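This report concerns the sequence and model shown below. Please keep both at hand while reading.

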Amino acid sequence: TRRSSHHHEPAFSPDFDLRETPEAYFLEGEFPGISGRNALKLQWIDGCTLRVQGTIRKTDLKEEWGSWLNERRDGMYVRNFSFPAPVNTDAIQARLSRGLLRIMVPKTDR
């Protein structure tokens, strides 16, 4: 069955590792098959909540090879991170390389 273009696909949450130091928060998440700056969107919801979102589309091999078992997910993903200490939203650094997203969010003295 085909989905309507008006239908919103359910979002799933990618897995992340989180680490805190006295100076910053470090987040590292896996996004297999994702590359390019436009594939992910990082957005501040408020002064302490960061949203990571995007869409993963897997290649449809069913036509070429047939289908036996499908375990990989595709579709929209979203993940929100709320930081307990004040952060510098203007100094965030992010890098996506080989499907691994690394984000550094510096703390502030506010």
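With which residues is threonine 49 in contact, leaving aside its neighbours within four places in sequence? In this predicted model, the residues in contact with threonine 49 beyond those neighbours are Gln43, Trp44, Asn80, Phe81 and Ser82. Serine 82 also makes a polar contact with threonine 49, side chain to side chain, at 3.0 Å. Threonine 49 belongs to strand β4, which covers residues 49-56. Its relative accessibility is 10%, and the residue is buried because this value falls under 20%.

**The open sheet**

An open sheet is built from 4 strands, in the order β1-β2-β7-β6, with antiparallel pairing. The edges are taken by β1 (16-20) and β6 (93-97); each has a single partner strand, so one side of each lacks a neighbour in the sheet. From one strand to the next, the twist averages 10°. Strands β1 and β2 run antiparallel and are joined by 5 bridges, with β2 comprising residues 24-30. Across this pairing, glutamate 20 is found opposite tyrosine 25 of β2.

**Salt bridges**

How many salt bridges does a search of the whole structure find? The search finds 2. One of them is formed by glutamate 20 and lysine 107, whose closest N and O atoms are 2.5 Å apart. This pair links distant parts of the chain, with glutamate 20 in strand β1 and lysine 107 in the segment after β7 (100-106), at a separation of 87 residues.

Arginine 102 and glutamate 28 also meet through their side chains in a salt bridge, with an N to O distance of 2.6 Å. Here too, distant parts of the chain are linked: arginine 102 lies in strand β7 and glutamate 28 in strand β2, 74 residues apart.

Are the residues of these pairs buried or partly exposed? The table gives the relative accessible area of each residue.

| Residue | Relative accessible area | Class |
|---|---|---|
| Glutamate 20 | 48% | partly exposed |
| Lysine 107 | 21% | partly exposed |
| Arginine 102 | 38% | partly exposed |
| Glutamate 28 | 29% | partly exposed |

Lysine 107, at 21%, counts as partly exposed because buried means under 20%. Glutamate 20, at 48%, is likewise partly exposed, because exposed means over 50%.

Glutamate 20 thus appears in two settings: opposite tyrosine 25 in the strand pairing, and in the salt bridge with lysine 107.

Definitions and conventions: Residues are numbered from 1 along each chain as its sequence is written. This is a predicted model: local features need pLDDT of at least 70, side-chain atom pairs count only at pLDDT 80 or more; totals for chains, interfaces and linings use all residues. Side-chain values use heavy atoms; hydrogens and water are left out. Two strands pair if DSSP finds at least two bridges between them. Axes are lines fitted to C-alpha atoms, for helices over the stretch in contact, and angles run from 0 to 180 degrees between N-to-C directions. Buried means under 20% relative accessible area, exposed over 50%, partly exposed in between (1.4 Å probe, protein chains only). A polar contact is a pair of N or O atoms within 3.5 Å; within protein, one must be able to donate a hydrogen and the other to accept it, and residues adjacent in sequence count only if both atoms are side-chain atoms. Contact means heavy atoms within 4.5 Å. A salt bridge is a side-chain nitrogen of Lys or Arg within 4 Å of a carboxyl oxygen of Asp or Glu.
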